[in-house]
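Dear colleague,

Please find below the structure that I am handing over to you, together with its sequence. My notes on the ligand and on the backbone follow it.

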Amino acid sequence: MDITVSPVRNIQGRLQVPGDKSISHRAALIGALARGDTLIDNFLRAEDCLHTLSCLRALGVAIEDDGSRVIVHGTGPHWRAPASPLDAGNSGTTMRLLAGILAGQSFEAELTGDASLRSRPMDRIVEPLSQMGARIAALGDGRFPPLRITGGPLRGISYTLPVASAQVKSAVLLAGLFARGETTVVEPNPTRDHTERMLAALGAPVRRDDGRVSIGAAALRGREIRVPGDMSSAAFLLAAAAARPGSELTVEDVGLNPTRTGVLDVLRAFGAVVDVRLSGEHNGEPVGAVTIRGHPLRGVRIGGRLIPRVIDELPVLCVLATIAEGETVISDAAELRVKESDRIAVIARGLRALRGEVKEHADGLTVYGSPLHGGRVASTGDHRIAMAFAVAGLLAQGPVTVGEAECIAVSFPEFVDVLRSVTVA
Ligand code: S3P
């Protein structure tokens, strides 16, 4: 499916975005390990999280959706052997987090996914889970999915993450629930901490101290969870509003966990006016409203410790960089090459297709401020690339058509309607 987006004058409105993808996965997975029901309000009903639910059902966890809430009837820590391979679809979070839990079960299971997921590195979880005593094989050349996991008794380890990855950290911590002794993950560079917060909300004693997280065996209890709006989805709308002087957009009830708000820091550095009002917490996750006003923008540098806090927002920030004066330099972001696509290569190709000026680096990009023209861009089936180039259509000098745009349903099925509702032609 193609979508075509035409230039607009500005962006106006007040809205909420769908539930946070990372937190929805964790509420379902960790709720399933708890005893009693976990009632999840504002669960993200998008393809990635629906894959998590279908894997859990195949593992014997009963889940209902009454239209307003998703209800996970937690079974406690021990699940049932699945009858066939588990399909994580496009979702790296489903595969990596579930692998951590399957490592502690007493059966063998296979985890697979779509062509994109089958090309993403899994050695990063095979290594620590094997150290804990799991038998886990990456059937694609020893590095890639499918994963065959034979669960069994685990031992706690102390593991220093070689790459900044919340999915790897989470896989090890979840396996730690099943291990003898304590499991510690050391993070050289902080990544999103939703697993730690969700585990604590459901009763696990999680210890955190200066870049180290530790956990031991714990009895979890189900509870009510409200999922905040997804900052990574809001980012597309906030970036569009930042780009157009005269715009004013408010996103309410959005997650403000500091490990996820790097995009707000970058939008401010570009020159947008960003106002944040914290209104409270849902289950240990800060929430509130963000208002953004558009302004003429100048190029920025994005690198170092900021990268994990903004990793999923970099595609749309590269698009925004085309209307900023001067150059925008992104570095220390080699992880972008192993996302749903090689995002460094795909962003560079997309910008060039719209006659943008860009240089590709091993670990990032330099994007020059020069107006985009209308044209056609291949999303390569990557949801965040598709939405980033839809935003390019709002800012370019002519309409932009994005191919394979059905992939947007992976994280933000309502995106096109929401975008339409806030644009002023
Ligand atoms: C996620 C972690 C990040 C992020 C992904 C979601 C998570 O991936 O890019 O979209 O929910 O833990 P990495 O752990 O690979 O950095």
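I begin with the ligand: one of its oxygen atoms lies 2.7 Å from a polar side-chain atom of Asp312. Please keep in mind that this is a predicted model. Taken alone, the ligand exposes 380 Å², and the protein buries 95% of that area.

Two further polar contacts deserve your attention. In the side chain of Arg26, an N or O atom is 2.6 Å from an oxygen atom of the ligand. At Ala166 the contact comes from the backbone, where an N or O atom lies 3.0 Å from a ligand oxygen.

Where does the ligand sit? It occupies the largest pocket. Helices α1 (21-33), α3 (92-102) and α5 (166-176) are the elements that give two or more residues to the surrounding shell.

The residues around the ligand include Ser22, Thr93, Arg96, Gln167, Arg192, Ile311 and Lys339. How many residues of the shell are nonpolar, polar and charged? The shell divides into three nonpolar, four polar and five charged residues. Both domain 1 (3-19 + 228-424) and domain 2 (21-226) take part, each supplying at least three residues to the shell.

Finally, two features of the backbone should be noted when you look at the strands.

- The peptide bond from Pro145 to Pro146 is cis, and its omega is near -5°. Pro146 belongs to strand β9, which covers residues 144-150.
- Asp253 is not a glycine, yet its phi is positive, at about 50°. This residue, Asp253, is found in strand β17, which covers residues 248-255.

I would suggest viewing the ligand and its shell before turning to these two strands.

With kind regards

Terms used
Residues numbered from 1 in each chain as written. Predicted model: local features only at pLDDT ≥ 70, side-chain atom pairs only at ≥ 80, totals over all residues. Heavy atoms only, no water. Near = heavy atom within 4 Å. Polar contact = N/O pair within 3.5 Å; in protein donor to acceptor, adjacent residues only side chain to side chain. Areas by Shrake-Rupley, 256 points an atom, 1.4 Å probe, with all protein chains shown as cover. 1 Å grid on protein atoms, 1.4 Å probe; cavity = no way out; pocket = protein on both sides within 12 Å on 5 of 7 lines; lining within 4 Å. Sits in = over half its atoms within 2 Å of the grid points. Helix = DSSP H or I, 4+ residues; strand = E, 2+ residues; numbered from the N terminus. Nonpolar A, V, L, I, M, F, W, Y, C, P; charged D, E, K, R; others polar. Domains from an automatic or database assignment.
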